[in-house]
Amino acid sequence: MENDWASANLQTIRTLMERSALYRRALAPIMIVAGTIGVAASVVPTFVKLDTNSSFSAFWTITSAIVFFIVLYLVRRQALRDAEPFLSLPTRRVWQGLLPNFFAGLVAGLLFVIPDLIPLQIGWILPPLWMLFYGCGLHAAGFFMQRSMRLFGWAFIIFGLSLLFYVISDVRLQSIQAAHYMMGLFFGALHLAFGIYLFFTERKTNEA
């Protein structure tokens with residue numbers, strides 16, 4: 001039984017390593033789309049009043065859900081293009097690495113959506129917390145992927161800790177409006193920059 005378990009895991013690791021380039025190719029459009037949506041979403045509060053814990057958390061939770069379903073579509077399209085099953089064992093391993101931290105981030109956000117559960121307007125604490133959960137999730141999922149994904153996860157962890165320190169120590173950042181800009185900067189612009197980096201480095205690799 002243990003030999004079968006070890007053999008299955010070795011096969012999974014081998015397959016993941018073989019597909020790391022494929023995941024890198026798929027990540028470029030995913031990151032670009034996610035970043036574009038994030039930047040666009042951060043502009044919406046300029047025209048629509050979203051200045052409470054509930055409205056802030058609900059708005060970005062819905063935005064994240066939209067990105068999630070778009071990512072599923074892109075991953076499925078990539079799988080069909082390469083004649084691979086959508087939920088292959090390696091793909092499930094990646095999702096299992098993401099799930100715990102993503103679930104924790106979702107629950108944290110939903111707590112702020114519930115009216116009067118958190119009476120103080122401290123929704124500005126969510127961006128750094130979400131960044132920490134997200135960074136840990138990316139690092140876990142990137143264990144069998146290109147090193148750049150783990151580094152991207154570390155970037156979110158470091159930026160998240162730094163932002164947490166600054167928002168706690170600087171009262172000017174303790175507002176929902178500032179929190180919208182934080183989301184646009186890190187979950188929008190940072191994803192967009194990483195997606196563009198992946199796109200051009202992958203094309204350069206292919207040309208070589």
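The chain exposes about 11,900 Å² of surface, and 70% of that comes from carbon and sulfur atoms. What you're looking at is a predicted model. It's a helical affair: the chain has seven helices and zero strands, so to speak in the pattern α-α-α-α-α-α-α from start to end of the sequence.

**Overall make-up**

- Of the 208 residues in the chain, 41% are buried.
- How do contacts spread along the sequence? Taking contacts between residues at least 6 apart, 78% join residues at least 24 apart.

**Helices H5 and H6**

- Helix H5 covers residues 126-141, which is 16 residues. At 1.5 Å a residue that should span 22 Å, and its end C-alpha atoms are indeed 22 Å apart, so expectation and model agree.
- Plenty of H5 is tucked away: Leu-126, Pro-127, Pro-128, Trp-130, Met-131, Leu-132, Tyr-134, Gly-135, Gly-137, Leu-138 and Ala-141 are buried.
- H6 passes the same kind of check. With 23 residues at 1.5 Å each, H6 should span 33 Å, and its end C-alpha atoms sit 33 Å apart, which agrees.
- The buried residues of H6 are Ser-148, Met-149, Phe-152, Gly-153, Phe-156, Ile-157, Gly-160, Leu-163 and Val-167.
- A handy rule for reading such lists: an α-helix has 3.6 residues a turn, so residues three or four places apart point the same way.

**Aromatic pairs**

- How many aromatic pairs does the structure hold? There are 13 of them.
- One of these is Phe-156 with Phe-187: the ring centres are 5.3 Å apart and the planes meet at 45°, so the pair is tilted.
- Phe-156 belongs to helix H6 (residues 147-169) and Phe-187 to helix H7 (residues 176-207), so this pair ties together parts that are 31 residues apart in sequence.
- Are these two rings buried or exposed? Phe-156 is buried, at 0% relative accessibility. Phe-187 has 16% relative accessibility, and because buried means under 20%, Phe-187 counts as buried too.
- Another pair is Phe-165 with Tyr-166, whose ring centres are 5.4 Å apart with planes at 70°, so this one is edge-to-face. Here Phe-165 is exposed, with a relative accessible area of 54%.
- Seven-helix chain, one cluster to look for: Phe-102, Tyr-134, Phe-152, Phe-156, Phe-187, Phe-194 and Tyr-197 form one aromatic cluster. Tyr-134 of that cluster is among the buried residues of H5, while Phe-152 and Phe-156 are among those of H6.

**Ala-179 and its contacts**

- Ala-179 is in helix H7, and at 0% relative accessibility Ala-179 is buried.
- Which residues does Ala-179 touch, leaving aside those up to four places away in sequence? The answer is Phe-56, Gly-123, Trp-124 and Pro-127. Pro-127 also turns up among the buried residues of H5.
- Ala-179 and Val-167 are twelve residues apart in sequence, and their C-alpha atoms are 9.4 Å apart in space.

**The surface, and the loop between H4 and H5**

- Leu-99, Phe-103, Leu-106, Val-107, Leu-110, Leu-111, Ile-114 and Leu-117 make a nonpolar surface patch of about 710 Å².
- Ile-114 from that patch lies in the loop between helix H4 (89-113) and H5. With a relative accessible area of 44%, Ile-114 is partly exposed.
- Asp-116 is in the loop between H4 and H5 as well. Asp-116 is exposed, at 72% relative accessibility.
- Most residues other than glycine have a negative phi. Asp-116 has a phi near 65°, a positive value in a residue other than glycine.

**Salt bridges**

- How many salt bridges does a search of the whole structure find? Two.
- In one, the side chains of Lys-49 and Asp-51 meet at 4.0 Å, N to O. Lys-49 is exposed, with a relative accessible area of 68%, whereas Asp-51 is partly exposed at 40%.
- In the other, the side chains of Asp-170 and Arg-172 meet at 2.9 Å, N to O. Arg-172 is exposed, at 68% relative accessibility.

Terms used. Residues are numbered from 1 along each chain as its sequence is written. This is a predicted model: local features need pLDDT of at least 70, side-chain atom pairs count only at pLDDT 80 or more; totals for chains, interfaces and linings use all residues. Side-chain values use heavy atoms; hydrogens and water are left out. Helices (H or I, at least four residues) and strands (E, at least two) are DSSP runs, numbered from the N terminus. Buried means under 20% relative accessible area, exposed over 50%, partly exposed in between (1.4 Å probe, protein chains only). Contact means heavy atoms within 4.5 Å. Accessible areas come from the Shrake-Rupley method with a 1.4 Å probe; for residues, only the protein chains shown count as cover. The expected span of a helix is 1.5 Å times one less than its number of residues. Rings of Phe, Tyr and Trp (its six-membered ring) pair if their centres lie within 6.5 Å; planes under 30 degrees apart count as stacked, over 60 as edge-to-face and the rest as tilted. Patches are made of residues with over 30% relative accessible area and no salt bridge: like charges are joined within 9 Å, nonpolar side chains (Val, Leu, Ile, Met, Phe, Trp, Tyr) within 5 Å.
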